[in-house]
Each structure stands twice: as C-alpha cells, then as structure tokens.
Amino acid sequence: MAQNILFVCLGNICRSPAAEGVFRALCPEVETDSAGTASYHVGSPPYGAMQAAAKARGLDLSDLRARQFTPQDFARFDLIIAMDGENLANIEAQRPEGATTPVKLFTDYAPGQGADHVPDPYYTRDFDGCLDLIEAAAGGLAKTLR
Ligand code: 4NP
C-alpha cells in the first residue's frame, strides 16, 4: 500500500492542493503532499476561488502552501499523481537514474469520467467541475489502496 502520495499540477494553487485536500479527507492514514512543476506561486495558499469551492464541500485547504516539484520527490514518495500529461512529462523528465516511483495520471483512477486530464480551473473557471472530477479520481485511487 502506498504510504506517501504526492499530487502535482502546474502552479500548485488549484488542482493539486484540491486533490490533496479531497484525498486526505478520504484517506487520513495516507501521508499526502502537493507540488507544482512551475515556481510562480511558491509559498502561496491555494487560489481563493478554489478554496471557496472546496469549503462549500466541507474541505479546508487554507493550511496548504505551494512549493515546486523537485527530483528529490521521487525518493520521498511511493506514488506521484499528475493532473495532466504535461505535468507528467515534466515530472518524468526529472526522474533520477534508478528511481522506480510510479508517476500516474489522476484521471486513470476515474475511467468512467471520460477525461484524460484534470482541466485547469485557473483558466476554465469551472472550479466545481474540477472538484467533481477530483472527487471521482480520489475515490478510485482510494479503492486501489485497500
Ligand atoms: P494549477 O493552476 O496548475 O491547477 O495550480 C494554475 C494556476 C496558476 C497558473 C497556472 C496554473 N499560473 O500560470 O499562474
């Protein structure tokens, strides 16, 4: 069973902190973190509109702070979950030699949703749709751990 899971998006202020918030509520026994492949928002809390949409579902994301993904994360986590294919390619490009930690697309855990990535609500503005997809994928991921 995966004990430490890292959720990764681009900015680490919308999708991956939401994924972390949803998943830690579902599986509090698993250690979680999130990171962004980009550094623009390092140190920032989750984006206000995402925090509000999450709060409406009973999820408090206010303790989370953005950080940038680093190659050391391959050693720190048992499983790395990317929100889209670009994030996944960026993570894989930083894989240290010999690192075996799997990197998966989050949508792989929600095959019924017909999505091959989690669309970025920073651009789509569909924070609720994003949370719906994240909740489905988090549920699917939780099932694989049991
Ligand atoms: P996220 O969304 O990757 O889901 O955190 C983004 C937030 C901000 C930016 C890009 C993506 N940005 O370019 O500032």
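Is E135 buried, exposed or partly exposed? At 33% relative accessibility, E135 counts as partly exposed, where buried means under 20% relative accessible area, exposed over 50%, and partly exposed in between (1.4 Å probe, protein chains only). This is a predicted model, so local features need pLDDT of at least 70 and side-chain atom pairs count only at pLDDT 80 or more, while totals for chains, interfaces and linings use all residues. Residues are numbered from 1 along each chain as its sequence is written, and side-chain values use heavy atoms, leaving out hydrogens and water.

**Nonpolar cores**

- The largest nonpolar core (buried Ala, Val, Leu, Ile, Met, Phe, Trp, Tyr and Cys residues joined through side-chain atoms within 4.5 Å) has 35 residues, and I5, F7, F23, I81, F106 and L141 touch the most other members.
- At least two residues of this core come from each of strand 1 (4-9), helix 1 (15-26), helix 2 (48-55), strand 3 (79-82) and helix 6 (127-145); helices (H or I, at least four residues) and strands (E, at least two) are DSSP runs, numbered from the N terminus.
- Helix 6 gives the most to this core, with 10 residues.
- A second, separate core holds 11 residues, including A35, F77, A82 and V103.

**Two residues to look up in strand 1**

- Not counting residues up to four places away in sequence, I5 is in contact (heavy atoms within 4.5 Å) with F23, V30, E31, T32, D33, F77, L79, I81, L141 and L145.
- N4 lies in strand 1 and is buried, with a relative accessible area of 18%.
- With the same sequence neighbours left out (up to four places away), N4 touches E31, R76, F77, D78 and L79.

**Salt bridges**

- Side chains of opposite charge can pair when their charged atoms come close.
- The count comes to 10 salt bridges, each a side-chain nitrogen of Lys or Arg within 4 Å of a carboxyl oxygen of Asp or Glu.
- R57 pairs with E135, their closest N and O atoms being 3.0 Å apart.
- This pair links distant parts of the chain, 78 residues apart: R57 sits in the loop between helix 2 and helix 3 (73-76), and E135 in helix 6.
- R57 is partly exposed, at 27% relative accessible area.
- D73 and R76 form a salt bridge at 3.4 Å between the closest N and O atoms; because they are 3 residues apart in helix 3, about one helical turn separates them.
- D73 is buried at 0% relative accessibility, whereas R76 is partly exposed at 48%.
- D33, R67, D73 and R76 are linked in a network of salt bridges.
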